[in-house]
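Visitor: Could you take me on a close look at the pockets of this protein? I would like to know what lines them, and then hear about anything else worth a stop along the way.

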Amino acid sequence: MQQNPLMQTIEALAKEKGIEPEMIITAIEDAVLTASRKYYKTTENLKTRFNQETGQVDLFAAKQIVNDVTNPATEISLKEAQELYGEEAEVDMEIEFPKRTDVLGRIAAQTAKQVIFQKVREAEREHIYGEYNDRVGEVINSLVKRFENGDLIVEIGRVEAVLPRKEQSRAESYTPGERIRAVIKGVNRSAKGPQIVLSRTDPALLIKLFEQEVPEIYDGTVMIRGAVREAGDRAKVAVYSRERDVDPVGACVGMKGTRVQAIIRELRGEKIDIVEWSDDPIVFVTNALSPAKVQRVSIVDDKDRVMEVVVEDKQLSLAIGKKGQNVRLAAKLTGWRIDIKSEEEKRREVELQFGALELGGEEQAEGIEAAADADGADGEESQVDGSLEAQASDVVEGEQPEAVAKSDE
């Protein structure tokens, strides 16, 4: 039996849009129903059904069988129903009365067409959302199609996706027809344009590229414990080996740097520091500041996660990096605030502290001497007072009677 032309068109459209033919048939039924309601302007309970053999949409007014009719538009009495359909008709059954669709006209057909397109679009968007929402964080190949206000519209198979300007690396430029790899950042259900949002700046892209290039990461021997990026400039990746014999940094770098070089090429020359992760924060911070060599690290505040790092004078600019990039990425990777000082700076700071301590000591000593002097003066005064008192007592007790005796003589 040959399929009717409309059914063939429906199946071709379903294949092109990646949706089920039933979705398109439902859209057609809804479209004819909307057009019929506009045309008939009735309160009847209208229903549509697609006839796959004829390729036509049949329209019905459904009525429910009741004992007492209160709404003739949607109800029919049992007696009347039995006259039409015999004894088989029972209360609560539904009877469908065919209605003409050939009278709907051009405007109704136009309305139907709009509804069909809208429903197909909605079904397509729902299908895209369902398929790609579970793939967020996955790296995919895409083909550059066109530019729209700085955003890049790319093609993933039959579906369009967007690579927004803020998700593009500033070190990269693209041309239509070019193939690029990007990570799926999110899927937007309500967007008017492409729903799939891609990213070339997300650290997830770096992690996935390492998984593809390094077999030890793919099989779980080496684990990535953290990755931070300033896209187009520099990235830091913390790696950890679950086996003592496997060097995690060496595995990621590869023989003569072949593995990491492949990733650097993919990221258009972005520098990548691969550092060994450690559960000891001091060791981890020391590693994270690579390529700078650290002299010593001390924890300033454990609660607020603040560390002080001292480096050689020559290593200071390397440790801080261009516009503070190296220390900024290290802080982001480790989760600690890092305060970097050169040896000279630290020496001056220590000298100032010692100077303050010495000055404080001298002031304290002077205070003690002054107090001692004050105590001495008080002692002398008390001695003078004592001698005067002694003299006075002598006069009262002995000298006065002697003087009286002399005068008598």
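Guide: Gladly, and let us begin with the character of the walls: in this predicted model, the lining of the largest pocket divides into 12 nonpolar, 4 polar and 1 charged residues. The volume of this largest pocket is about 310 Å³. Its lining is made of 17 residues, and Ile28, Val32, Ala109, Ala112 and Ile116 are the closest to the centre. If you want to trace the walls by secondary structure, look at α2 (21-40), β2 (56-66) and α4 (105-132), each of which supplies at least two residues of that lining. Of the contributors, α4 gives the most, with 8 residues.

Stay with α4, since this helix also takes us to the next stop. The second largest pocket has a volume of about 240 Å³, and α4 again provides the largest share of the lining, here 4 residues. Along with α4, the strand β7 (159-163) supplies at least two lining residues. The lining of this second largest pocket counts 13 residues, with Glu124, Arg125, Ile128, Glu160 and Pro194 nearest the centre. As for character, 8 of the lining residues are charged, 3 are nonpolar and 2 are polar.

From the pockets we can turn to the backbone. Most residues other than glycine have a negative phi, and most peptide bonds are trans. Against that background, have a look at the peptide bond from serine 290 to proline 291, which is cis, with omega near 10°. Proline 291 sits in the loop between α9 (281-288) and β13 (294-301).

Two loop residues deserve a visit for their phi values. Lysine 256 is not a glycine, yet has a positive phi of about 55°; you will find lysine 256 in the loop between α7 (248-253) and α8 (258-266). With a relative accessible area of 82%, lysine 256 is exposed. Arginine 305, also a residue other than glycine, has a positive phi near 55°. Arginine 305 belongs to the loop between β13 and β14 (306-311), and its relative accessible area of 36% makes arginine 305 partly exposed.

Last, a place on the outside. Val350, Phe354 and Leu357 form a nonpolar patch on the surface, and together they have about 300 Å² of accessible area. Phenylalanine 354 is part of helix α12 (residues 343-408). Phenylalanine 354 counts as exposed because its relative accessibility is 51%, and the cut-off for exposed is over 50%.

Terms used:
Residues are numbered from 1 along each chain as its sequence is written. This is a predicted model: local features need pLDDT of at least 70, side-chain atom pairs count only at pLDDT 80 or more; totals for chains, interfaces and linings use all residues. Side-chain values use heavy atoms; hydrogens and water are left out. Patches are made of residues with over 30% relative accessible area and no salt bridge: like charges are joined within 9 Å, nonpolar side chains (Val, Leu, Ile, Met, Phe, Trp, Tyr) within 5 Å. Accessible areas come from the Shrake-Rupley method with a 1.4 Å probe; for residues, only the protein chains shown count as cover. A salt bridge is a side-chain nitrogen of Lys or Arg within 4 Å of a carboxyl oxygen of Asp or Glu. Buried means under 20% relative accessible area, exposed over 50%, partly exposed in between (1.4 Å probe, protein chains only). On a 1 Å grid over the protein atoms alone, a cavity is a set of points where a 1.4 Å probe fits but cannot get out, and a pocket is an open set with protein on both sides within 12 Å along at least five of seven lines; lining residues have an atom within 4 Å of a point. Grid points are joined across faces, edges and corners, and a volume is the space filled by probe spheres set on the points. Ala, Val, Leu, Ile, Met, Phe, Trp, Tyr, Cys and Pro count as nonpolar, Asp, Glu, Lys and Arg as charged, and the others, Gly among them, as polar.
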